[in-house]
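Visitor: I have a structure open and want to go through it with you. Can we start with a term I'll need later?

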Amino acid sequence: MSDLTSTDAAELGRLLTAGEVTAVEVTRAYLDRIAAEDDALGAYLHVDGEAALRTAEQVDAARAGGTATGPLAGIPLALKDVVVTEGVPTTSGSKILEGWRPPYDATLAARLKNAGTVLLGKTNMDEFAMGSSTENSAYRVTRNPWDHDRIPGGSSGGSSAAVAGGLAPWAIGTDTGGSIRQPAAVTGLVGHKPTYGSVSRYGLIAFSSSLDQAGPMTRTVLDAALLHEAIAGHDPLDSTSIDSPVPVLAEAARRGAEGDLAGLRVGVVTELGGDGHTDGYDEGVLARFAETVALLESLGAEVRPVSCPAFDLALPAYYLIAPSEASSNLARFDGVRYGLRVGDDGDRDLDEVMALTREQGFGPEVKRRIILGTYALSSGYYDAYYGQAQKVRTLITRDFTRAWDDVDVLVSPTSPTVAWEVGARVDDPIAMYAADLCTLPASLAGVPAISVPCGLSEGLPVGFQIMAPALADDRCYKVAAALEAAQDAARGSRFLDQLAARPAGSAA
Ligand code: GLN
């Protein structure tokens, strides 16, 4: 990795502002690395080097001409392909949208464009964000930079592989049930799912509208805070957007890095890997988790166990609610409006063309979810399945609310296991869904949650999850930054430097 492609985004911003490097130089360094590495890694679905260099030239010209440019101007960026980008192919990982070039930008894409970031490309993902390994992409398999035989997590696995592999300094992912946090965890990144409604969903291709949320995937906690601030804030184009000020997050990360957590009350969730709940968890994951809890204590935090009994039901509740909403959201892909159209030969009627298009355009996991969701919503079953799942959702929210009486944050492992081998779970949907065990409660309750690296198991990264009350995203950043700083100090280097130090794509 060249220096530029291993530098974190905050430092790139400083170098650019100080004139020590140009946006064209940084962009070129990343494009060179993408050209050299992405055949093996498979992180991107679309890269437009010429467009990226044009944007970079404009930023450099503005800066040289003394035009005010913001702190992010000239920093390259990758967007998950679920984010709608004007004139730039957007597929959501599905054949049904192949060839679609949207006529508008998602709000977050527009905000990042206005901030002067340079779009390197669109990253691979599980089709319509359904999956935990990125193997459900209709286009390609993405590999984990720590070990090319392993999955990079999902559904934002293109974004995680790009950032961990040095093919983008940072990236946007989306998280419906864990798709920012789990891929961040298994590739050694920081990933934050913001409070539901605090980042605009306008222009994100919808999976499950009551759960979807976009957020940052980065190499450091400070970078995540900076990227999050750039996309946050009220958007009148999204009816679920919360009308509150942009949260102050970078400041929280900087304060956290000073390492003083005196008085912070931390709850360790019993149901997520605690006593009697260790089935399906790697021993190494539980060991790193316990060490990190001890580290929090050494920084002054008061730690206690907290039981959240309804969390045991998060998995079945989520796998009814998310497919139900998806079955409705995906009805718009009918071969009429965008992307693929099959069988429109003049002899077939509209229904036949729609059926053929959906038959060929959707992959197996998407079809499974549509069938599941349609079944759960149908009359006679609605109360038994969807209605019950919504009640469980309320119970989970109550567990959180009760916990906040006693603690400031809740913690758990992010993923029960490290990255598994490519192919190991792709034919076993239940095993794939089990990867979401720890991330689903925060999704269902709409509360913010961050994953921060907490060491290695079997030579592969382990993630530590910090959950906070709604709109207290700053708490996640503060605690994560304290952990990051303490671990970096003990190690004498940043977490990802361990990856750079070993031969590309090999296991430890
Ligand atoms: N793995 C979960 C699923 O398949 C979560 C996906 C997501 O957060 N987008 O639904």
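Guide: A polar contact here is a pair of N or O atoms within 3.5 Å, where one must be able to donate a hydrogen and the other to accept it. Also keep in mind that this is a predicted model.

Visitor: Where does that term come in: which backbone oxygen lies 3.5 Å from a polar atom of the side chain of Ser179?

Guide: The backbone oxygen of Gly154. Ser179 itself sits in the loop between β4 (170-175) and α7 (181-187).

Visitor: Is Ser179 buried or exposed?

Guide: Buried, because its relative accessible area is 6% and the cut-off for buried is under 20%.

Visitor: What else is Ser179 in contact with, leaving aside neighbours within four places in sequence?

Guide: Lys80, Ala129, Gly131, Gly154, Ser155, Ser156 and Thr174.

Visitor: Which residues does UniProt list for "active site"?

Guide: The UniProt record, an unreviewed entry, lists Lys80, Ser155 and Ser179 under that heading. They span 100 residues in sequence, but no two of their C-alpha atoms are more than 10.9 Å apart, so they gather at one spot. From this set, Ser179 is part of the lining of the largest cavity.

Visitor: Where does Lys80 lie?

Guide: In strand β2, residues 76-80. Lys80 counts as buried because its relative accessibility is 0%. Leaving aside neighbours within four places, its contacts include Ser155 and Ser179 from the UniProt list, and also Lys122, Thr123, Met125 and Ser156.

Visitor: Does UniProt give a domain too, and at which residues?

Guide: The same kind of record, unreviewed, places "domain: Amidase" at residues 25-476. Over that range the chain is 37% helix and 14% strand. The end C-alpha atoms of the range are 34 Å apart.

Visitor: Switching to packing. Which residues touch the most other members of the largest nonpolar core?

Guide: Leu108, Phe128, Phe400, Leu410, Val411, Phe464 and Ile466, out of 145 residues in that core. Helix α3 (residues 23-41) contributes the largest share, eight residues. In soluble globular proteins, nonpolar side chains tend to be buried together.

Visitor: What does Val411 touch, not counting residues up to four places away?

Guide: Among them are Val266, Val268, Val269, Phe289, Val293 and Leu296. Val411 also touches Phe464, Gln465, Ile466 and Met467.

Visitor: Now β11. Which strand do seven bridges join to β11 (residues 460-467)?

Guide: Strand β10, and the two run antiparallel. One bridge pairs Leu456 with Pro461 in β11. The hairpin of β10 and β11 has two residues between the strands, and Glu458 takes a positive phi near 55° there.

Visitor: How many residues of β10 are buried?

Guide: Eight of its nine residues, which run from 449 to 457. Strand β10 is also joined to β5 (residues 190-193) by three bridges, again antiparallel. In that pairing Gly191 stands opposite Ser451.

Visitor: One more spot: where is Arg201 placed?

Guide: In the loop between β5 and β6 (213-218). Arg201 is buried, with a relative accessible area of 15%, which is under the 20% cut-off.

Visitor: And what does Arg201 touch, not counting residues up to four places away?

Guide: Tyr196, Ser209, Asp212, Gln213, Asp238 and Thr240. Arg201 and Asp212 are 11 residues apart along the chain, and their C-alpha atoms are separated by 7.5 Å.

How values were computed:
Residues are numbered from 1 along each chain as its sequence is written. This is a predicted model: local features need pLDDT of at least 70, side-chain atom pairs count only at pLDDT 80 or more; totals for chains, interfaces and linings use all residues. Side-chain values use heavy atoms; hydrogens and water are left out. A nonpolar core is a set of buried Ala, Val, Leu, Ile, Met, Phe, Trp, Tyr and Cys residues joined through side-chain atoms within 4.5 Å. Buried means under 20% relative accessible area, exposed over 50%, partly exposed in between (1.4 Å probe, protein chains only). Helices (H or I, at least four residues) and strands (E, at least two) are DSSP runs, numbered from the N terminus. Contact means heavy atoms within 4.5 Å. Two strands pair if DSSP finds at least two bridges between them. UniProt positions are given in the numbering used here, feature names are shortened, and annotations may be inferred rather than shown by experiment. On a 1 Å grid over the protein atoms alone, a cavity is a set of points where a 1.4 Å probe fits but cannot get out, and a pocket is an open set with protein on both sides within 12 Å along at least five of seven lines; lining residues have an atom within 4 Å of a point.
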